[in-house]
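Please open the model in your viewer and keep the selection tool at hand, since each stop below names what to select and then says what is there.

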Amino acid sequence: MTDHAAKAAAFVADEPRTHWHDQALWFVRLKRDRQAASIPEWEALRTAAASIKAHTLSRLADYLEEFERNAQANGIKVHWARDGAEHNEIVYRILSERGATRLVKSKSMLTEECHLNPYLEARGIEVTDSDLGERIVQLRHEPPSHIVLPAIHLKKEDIGDLFHEKLGTEAGASDPKYLTEAARRHLRERFMAAEVGLTGVNFAIAETGGVVVCTNEGNADMGTGLPPVHIACMGVEKIIPRLEDLGVFTRLLARSATGQPVTTYTSHFHGPVRGGEMHVVIVDNGRSAILGNEVFRRSLSCIRCGACMNTCPVFRRSGGYSYGYTVPGPIGSILAPLREPEKYGTLPFASSLCGSCSDVCPVKIDLHHELYEFRQELVRKKVVPWSKRFGMAVLGFILARPWLYRLAGKLARWIVPRLPRSLTYARYNAWGRQRELPAMPRESFRDLIRKESA
Amino acid sequence: MPKVGLFVPCYIDQLYPQVGIATLRVLRQLGLDVDYPEEQTCCGQPMANSGCAEDARPLAERFLNVFGRYDYVVAPSGSCVSMVRNHYAQWLKGKPGFDRLRVNTFELCEYLVEIAHVASVDGDFPRRVGLLMSCHGLRELRLARSSERMDAPFNKVRQLLAQLRGIELVEVTRPDECCGFGGTFAVNEEAVSCMMGRDRIADFESAKAEVIAGYDMSCLMHLDGLIRRARKPLKVLHVAEILQGAKLA
């Protein structure tokens with residue numbers, strides 16, 4: 001099981017680095033605030049986006065079929081994948097049937113979720129992630145630590161060292177412009193040599209049968225304009241009904257994600273390049289099961305902007321890897337245990353339930369309430385350890401009996417101040433490791449009130 | 001004259017009785033008929049937040065039995081009131097009196113502004129005060145506009161305190177970041193919780209606050225624990241303790 005608290009404690013142990021990570025993401029949150037504030041109808045936009053998503057999810061199958069018909073009419077080949085394995089097989093088949101061995105990818109969290117890269121690499125395909133952050137973590141053989149800022153856990157010096165080793169940049173060089181230029185040259189070669197380009201999908205439009213990909217680096221355009229074959233991979237929830245709905249989401253996405261008014265590139269793909277092919281792989285991989293779950297289905301509205309991560313005071317201080325799942329942070333803490341409750345059972349508890357995620361979410365997913373609900377789900381499934389459940393049962397028993405509650409309180413207030421510090425602050429007292437216990441008053445409020453009225 | 005039931009959350013009853021007394025003084029000062037029903041214990045939030053819904057159920061039922069008879073229920077805690085308003089339906093939906101209880105249970109500041117219509121606060125508090133906008137009061141009761149939202153700003157707590165003579169409400173860089181208490185989170189995720197708390201304290205210190213004031217003693221207990229361990233001169237106070245000497249009208 002992923003033990004978030006233990007991983008978070010290890011992250012926090014490097015306090016200067018944790019503060020740097022916190023500040024870097026808080027800076028993005030502030031940029032988001034400024035951009036959101038520049039739109040008078042921001043809250044109305046969020047409501048509109050939430051409504052469009054709720055509507056679409058209520059008729060998901062119809063919109064997916066409409067998309068398929070229109071995409072086929074545009075000359076796009078549509079594939080359906082039940083799970084990650086089928087998705088990977090489909091992508092590999094397209095590559096192998098064309099004798100292709102070099103694939104260039106733009107960012108796709110779906111392919112991370114399906115573990116496409118190792119699958120293809122084991123079959124002799126050279127896979128190049130072309131988003132700069134993703135390329136960095138790929139060269140380090142790491143997964144992304146954030147869905148929008150994959151290498152946010154690294155400092156420029158870390159990247160300088162990596163590029164020195166992998167790309168032959170000067171030792172000790174950490175100037176971002178110099179390093180970016182080196183990456184650019186390196187990626188240009190990969191773009192030129194690629195036989196197939198793969199992209200994710202931000203939005204698939206049922207009405208037009210095309211997909212929209214948002215990037216800041218133009219890497220999706222390089223990766224689809226040069227090779228003759230374009231594969232776009234999407235989860236079923238990426239569908240929106242009409243072209244006119246798109247504007248609602250593009251106005252929200254970049255502002256929420258990075259505090260930009262719009263992504264540098266918002267590319268519409270409505271068919272293959274001349275003489276080439278375009279494929280769309282539509283993946284379920286557990287999503288229809290989530291759709292069937294009344295409590296958690298709203299998590300499928302997520303547009304993967306990452307705003308809930310940037311604003312989450314826990315994420316900023318524990319890092320993406322502490323969650324152990326492709327999508328970390330508040331939304332990941334719902335999606336991961338929906339998939340594997342036993343493995344990801346600590347994630348819904350990796351939150352103070354402060355609600356900042358729910359207020360920042362551009363599609364108004366009630367994230368912190370879903371986390372609250374998920375805790376109950378985990379107790380029902382007995383994923384929460386016996387000791388915790390027993391402790392709460394005892395506490396509940398005491399609190400449900402006023403005489404016992406008063407007695408327990410009186411005893412605690414009498415005993416605690418009389419015990420030696422070595423006992424009250426022993427290892428088992430997690431509260432007292434860094435904090436003092438409250439001073440124990442002699443009398444409770446009830447005692448005082450009784451005295452007053454006597 | 002409406003009858004007000006005073007709800008004193010368990011940890012305030014046991015650990016911060018002076019906050020309960022201050023709340024009672026504030027309400028009585030308004031001339032209200034306030035009653036403290038002695039059979040009350042806890043709202044059930046520790047169990048509910050841990051996912052142990054069935055252990056919380058009897059406490060929700062008890063709360064309805066104890067407080068169902070009042071016109072209003074007032075508590076010096078945003079978090080416990082949010083429990084009643086936003087989470088009790090799971091156990092009490094459809095029970096006689098619940099709908100009425102749900103909409104008539106208020107956090108103290110909220111009650112003063114929305115129901116008692118307190119327009120003037122006449123009193124002194126010549127200190128530099130940093131406001132801790134605890135999360136459940138902020139984002140679940142909407143005591144103020146949260147910094148994430150883009151609608152018109154307001155703050156019912158600040159609105160009351162700002163009227164005190166001599167008070168200086170300091171501006172911090174992150175006006176409503178969570179302090180890291182979070183109930184059982186404070187011990188389950190001790191490392192992150194304490195860092196969150198220290199970061200909040202540092203923010204208040206940079207703004208030269210002398211007092212951290214809030215409407216949730218639980219968050220303040222966490223910050224106070226860190227402050228006392230570090231032997232810092234900062235003090236924490238509940239809003240009721242600051243308002244108890246003032247004349248509200």
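Begin with chain A alone, which in this predicted model holds 22 helices and 10 strands. Its C-alpha trace spans about 95 × 55 × 45 Å along the principal axes, and 47% of its 454 residues count as buried. If you display contacts between residues of chain A with a separation of 6 or more, 74% of them are accounted for by residues 24 or more positions apart.

Next, colour chain A by its domain assignment, which gives domain 1 as residues 1-30 + 298-384, domain 2 as residues 39-285 and domain 3 as residues 396-453. Between the centres of domain 2 of chain A and domain 3 of chain A, taken over C-alpha atoms, the separation is 56 Å.

Now select strand β7 of chain A, residues 229-235. Is this strand enclosed or open to the outside? In β7(A), 7 of the 7 residues are buried, so the strand is largely enclosed by the rest of the structure. In a regular strand the side chains alternate between the two faces of the sheet. Turning on the side chains of β7(A) shows V229(A), I231(A), C233(A) and G235(A) pointing one way, while H230(A), A232(A) and M234(A) point the other way, and all of these residues are buried.

Add the strands that pair with β7(A). Strand β4 of chain A, residues 196-199, pairs with β7(A) in the parallel sense over 4 bridges, and a useful landmark here is I231(A) in β7(A), which has L198(A) standing opposite. Strand β10 of chain A, residues 277-283, also runs parallel to β7(A) and is joined to β7(A) by 7 bridges; in this pairing, M234(A) has I282(A) in β10(A) as its bridge partner.

Stay with M234(A) and show its surroundings. Leaving aside neighbours within four places in sequence, M234(A) is in contact with L110(A), V201(A), A204(A), V211(A), V280(A), I282(A) and V283(A). The largest nonpolar core has 196 residues, and those that touch the most other members are M234(A), V74(B), L108(B) and V239(B). Apart from this core lies another, of 12 residues, which includes L25(A), V137(A), I152(A) and L179(A).

Return to strand β10 of chain A and select E277(A), which lies in that strand. Why does E277(A) count as partly exposed? There are 18 other C-beta atoms within 10 Å of E277(A), and because a residue is called buried at 20 or more and exposed at 12 or fewer, a count in between is partly exposed. Apart from neighbours within four places in sequence, the residues in contact with E277(A) are K77(A), P228(A), V229(A) and P272(A). A distance drawn from C-alpha to C-alpha between E277(A) and T199(A) reads 14 Å, for two residues that are 78 residues apart in sequence.

Bring chain B into view and select the interface, where 57 residues of chain A are in contact with 57 residues of chain B. On the side of chain A that touches chain B, helix α19 of chain A, residues 386-399, gives the most, with 7 residues. Coloured by class, that side of chain A shows 33 nonpolar, 11 polar and 13 charged residues.

Within chain B, select domain 1 (3-115) and domain 2 (121-248) in separate colours. The C-alpha centres of these two domains of chain B lie 21 Å apart, and 28 residues of domain 1 of chain B are in contact with 23 residues of domain 2 of chain B. On the domain 1 side of this boundary, the elements of chain B that give two or more residues are α1 (10-15), α2 (17-29), α3 (45-49), α5 (78-87) and α8 (108-115). The largest share of that side, 7 residues, comes from α2(B), and by class the side divides into 14 nonpolar, 11 polar and 3 charged residues.

Finish with the open sheet of chain B, in which 4 strands follow the order β7-β6-β8-β9 with parallel pairing. Its edge strands, each pairing on one side only, are β7 (168-169) and β9 (235-238) of chain B. Strand β8 of chain B, residues 211-214, runs parallel to β9(B) and is joined to it by 4 bridges, and the last residue pair to label is A213(B), which stands opposite L237(B) in β9(B).

Definitions and conventions
Residues are numbered from 1 along each chain as its sequence is written. Chains are lettered from A and ligands numbered from 1 in the order in which they are written. This is a predicted model: local features need pLDDT of at least 70, side-chain atom pairs count only at pLDDT 80 or more; totals for chains, interfaces and linings use all residues. Two strands pair if DSSP finds at least two bridges between them. Domain bounds come from an automatic or database domain assignment. Two residues are in contact if their C-beta atoms, placed from the backbone, lie within 7 Å. Ala, Val, Leu, Ile, Met, Phe, Trp, Tyr, Cys and Pro count as nonpolar, Asp, Glu, Lys and Arg as charged, and the others, Gly among them, as polar. A nonpolar core is a set of buried Ala, Val, Leu, Ile, Met, Phe, Trp, Tyr and Cys residues joined through C-beta atoms within 7 Å.
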